[in-house]
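Colleague: Please take a close look at the largest pocket for me. I would like each term explained as you go.

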Amino acid sequence: MSKVIRILIAKPGLDGHDRGAKVVSRALRDEGFEVIYTGLRKTPEEIVRAAIEEDVSAIGLSILSGAHNHIFPRVIELLKQENAEDIIVFGGGIIPDEDIPALKEAGVKAIFTPGATTASIADFIREACGA
């Protein structure tokens, strides 16, 4: 019997639109993951603290506000400071194609933009977590 993969889904920053995060959370739960949803308007510090406390394998960041170039790298930086770089970070939302290479360079493992299927997100997590 394999270990259930725990995922934290977070809505960082001032963005108040969480339908996508809830859809992804529910879909991942239905795929067999244990999903912790942080709710709206979390700081990078709150997200990293929750990820460590909940002993998750991955953090999914959902953002529509345009602050991804600041917030995603900040989460990665805080994970490094906490010696928790083994927690995989992926993101989704309204993220321009031209911003994706820099986010990946900063350590974000995958970006899912509108049109990505929840199955593709689940497949990525399974592969990235070695399941």
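Modeller: Sorted by class, the lining of the largest pocket holds twelve nonpolar, eleven polar and two charged residues, where Ala, Val, Leu, Ile, Met, Phe, Trp, Tyr, Cys and Pro count as nonpolar, Asp, Glu, Lys and Arg as charged, and the others, Gly among them, as polar. Please keep in mind that this is a predicted model, in which local features need pLDDT of at least 70 and side-chain atom pairs count only at pLDDT 80 or more, while totals for chains, interfaces and linings use all residues. Residues are numbered from 1 along each chain as its sequence is written, and side-chain values use heavy atoms, with hydrogens and water left out.

The volume of this pocket is about 410 Å³; a pocket here is an open set of points, on a 1 Å grid over the protein atoms alone, where a 1.4 Å probe fits and protein lies on both sides within 12 Å along at least five of seven lines. Among the 25 lining residues (those with an atom within 4 Å of a point), Gly20, Val24, Gly92, Gly93 and Phe112 are the closest to the centre.

At least two lining residues come from each of α1, β3 (58-63), β4 (88-93) and α5, these being DSSP runs numbered from the N terminus, with at least four residues (H or I) for a helix and at least two (E) for a strand. The most is given by α1, with five residues.

Two of these contributors also pack against each other: helix α1 (residues 19-30) and helix α5 (residues 118-128) meet at an angle of about 60°, with their axes 10 Å apart. This is why α1 is oblique to α5, since angles under 35 degrees count as roughly parallel, over 145 as roughly antiparallel, 65 to 115 as roughly perpendicular and the rest as oblique. In the contact (heavy atoms within 4.5 Å), Val24, Ala27 and Leu28 of α1 face Thr118, Ile121, Ala122 and Ile125 of α5. That contact has six nonpolar, one polar and no charged residues.

Methods
Axes are lines fitted to C-alpha atoms, for helices over the stretch in contact, and angles run from 0 to 180 degrees between N-to-C directions. Grid points are joined across faces, edges and corners, and a volume is the space filled by probe spheres set on the points.
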